[in-house]
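Here are a few exercises to work through with the model open beside you. Try each task yourself, then follow the solution step by step.

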Amino acid sequence: MKLVFAGTPEVAVPALDALLASGRHEVAAVVTRPDAPAGRGRRLVASPVAQRAEEAGIEVLKPAKPKDPEFLGRLREIGPDCCPVVAYGALLPRVALDIPAQGWVNLHFSLLPAWRGAAPVQHAIMAGDEITGASTFLIEEGLDSGPVYGTVTEEIRATDTSGDLLTRLAFAGAGLLVATMDGIEDGTLKAVPQPADGISLAPKVNVEDAHLDFGAPALRVDRMVRGCTPAPGAWTTFRGERLKLIQVVPVPDRTDLAPGQIAAGKNNVHVGTGSHGVELLWVQAQGKKPMRAADWARGVRIAEGERLGG
C-alpha cells in the first residue's frame, strides 16, 4: 500500500523505521507537528519523526492544523491507501479521515478499551496494572473508540517507569503496526468493535497531577513516581521549594515514620507514608541536576522531624 505516516515524538520513530524496512509498503510522506522551540536558546527544532523522515528522503508535511486546506489538498494529491498513526498529537477532522481508502490506523499504547486518551502508559503504571500492551485500531471521530485490528501484550515490571515501558511498547507496537498494514492490504484482517465494558480514560498527566501525597500508601507513592517519570516528574516540597522524586523503593519494615517524615542515614534516606516507609534513591532539587538522595540529604543537613510536603 501507499502510506502517509503521521507521528511526532521519539516514541513514533520505531514504527516509522519498521514500515520503511518492511519492503512491502511505500511510505510516500510523513505528517508531523510543526517545528517547536527547544533547549535553552528556544530555537525551533523539527520533531524526531520529521528528522528521521528527512534522513530517509521522505516528504514531510507540517500543517498547523490537519484541517488546513493546503495540507488536505496535498494529501489528496499523494492519494494514500492508508495512513498509519503513532502519537501524532492533533485531532483529525472528518474531511481528513475520509481521504485514504483504508482510513487512518492508530497504534495506541494500551489494550483497548482500557486507557483511552493521551497518557495510557502513565495511567496503567499509576493504577497498578500488571499487564498492558498496544492496539491498532481504525480512527473514528470519538476518543480512541474505533474498531481494533490487533493487540500485543506487555508485562509491567515492578521497577518500570513510564519511560521504560513506553520504550518497550514502541518497538513491540512497531511490529504490530506493520503486521496490521500487511493484513489490511491482503484482506485477511478485519477490525473488531471494542467492547462496551472495560472502558477507562487516560487524560494527559500535568504537573499538578504529579504532586505526591505521602498520606497515601507506599505502593501508591512508588507507582506515582514511576508513572510520572520521566514526565512530568513526581514532586513534593522541602523547605518551601519543589523537590522532584525520580526513583523510590518501598521499605515494608520501616513503620516508625509519620507520613512525609524524613529519616536520613549515612547511606540512605527514608520517608514515611500512609502505610510504611519508602527509600528515596534519586531526587532533583529545584534548579539542580538529578543526584543520589543520600548526597542531597547530606547537602541540606536534614534536621530531626523534618518532612516532605510541608
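## Strand pairs

E11 and strand E14 (residues 277-285) pair in the antiparallel sense over eight bridges. Strands and helices here are DSSP runs (E of at least two residues for strands, H or I of at least four for helices), numbered from the N terminus, and two strands pair if DSSP finds at least two bridges between them. Before you start: the model is predicted, so local features need pLDDT of at least 70, and side-chain atom pairs count only at pLDDT 80 or more, while totals for chains, interfaces and linings use all residues. Residues are numbered from 1 along each chain as its sequence is written, and side-chain values use heavy atoms, with hydrogens and water left out.

**Exercise 1. Follow E11 to its partners and find a residue pair on each side.**

Step one: start from the E14 side, where Gln247 stands opposite Trp282.
Step two: turn to E10, which runs antiparallel to E11 (residues 241-251) and is joined to it by four bridges. There, Thr237 has Arg242 of E11 as its bridge partner.
Step three: look at the turn. The hairpin of E10 and E11 has two residues between the strands, and Arg239 in this hairpin takes a positive phi near 55°.

**Exercise 2. Which strands pair with E8, and is E8 enclosed or open?**

Step one: on one side, E7 and E8 run antiparallel, joined by four bridges. His108 has Ser135 in E8 as its bridge partner.
Step two: E8 also pairs with strand E9 (residues 148-155), in the antiparallel sense and over seven bridges. For Thr132, the partner in E9 is Glu154.
Step three: check burial, where buried means under 20% relative accessible area, exposed over 50% and partly exposed in between (1.4 Å probe, protein chains only). Six of the eight residues of E8 (residues 131-138) are buried, so the strand is largely enclosed by the rest of the structure.

## A threonine before a cis bond

**Exercise 3. Describe the surroundings of Thr229.**

Step one: place the residue. Thr229 sits in the loop between helix H7 (218-227) and strand E10 (235-238).
Step two: check its cover. Thr229 counts as buried because its relative accessible area is 12%.
Step three: list what it touches, taking contact as heavy atoms within 4.5 Å. Beyond its neighbours within four places in sequence, Thr229 is in contact with Thr161, Ser162, Gly163, Leu245 and Ile246.
Step four: look for a polar partner. A polar atom of the Thr229 side chain lies 2.6 Å from the backbone oxygen of Val225.
Step five: move along the backbone. Thr229 and Pro230 are joined by a cis peptide bond, with omega about 15°, and Pro230 is in the loop between H7 and E10 too.

## Backbone oddities

**Exercise 4. Where is the cis bond at Pro113, and which residues that are not glycine have a positive phi of about 55°?**

Step one: the peptide bond from Leu112 to Pro113 is cis, and its omega is near 15°. Pro113 belongs to the loop between strand E7 (104-108) and helix H5 (120-126).
Step two: look in that loop for Trp115. Trp115 is not a glycine, yet has a positive phi of about 55°; at 14% relative accessibility, it counts as buried.
Step three: now go to Arg301, in the segment after helix H8 (293-300). Arg301 also has a positive phi of about 55° without being a glycine, and its relative accessible area of 71% makes it exposed.

## One helix and the whole chain

**Exercise 5. Find the buried residues of H1 and what covers them.**

Step one: in H1 (residues 13-22), the buried residues are Val13, Pro14, Ala15, Leu16 and Leu19.
Step two: their cover includes strands E1 (2-7), E2 (26-31) and E6 (83-86), along with helices H2 (48-55) and H6 (162-186).
Step three: just after H1 comes Gly23, with a positive phi near 75°.

**Exercise 6. Sum up the chain.**

Step one: count the elements, which come to eight helices and 15 strands.
Step two: take the overall dimensions. The C-alpha trace spans about 70 × 45 × 30 Å along its principal axes.
Step three: of the 310 residues, 48% are buried.
Step four: among contacts with a separation of 6 or more, 65% are between residues 24 or more positions apart.

Notes:
Polar contact = N/O pair within 3.5 Å; in protein donor to acceptor, adjacent residues only side chain to side chain.
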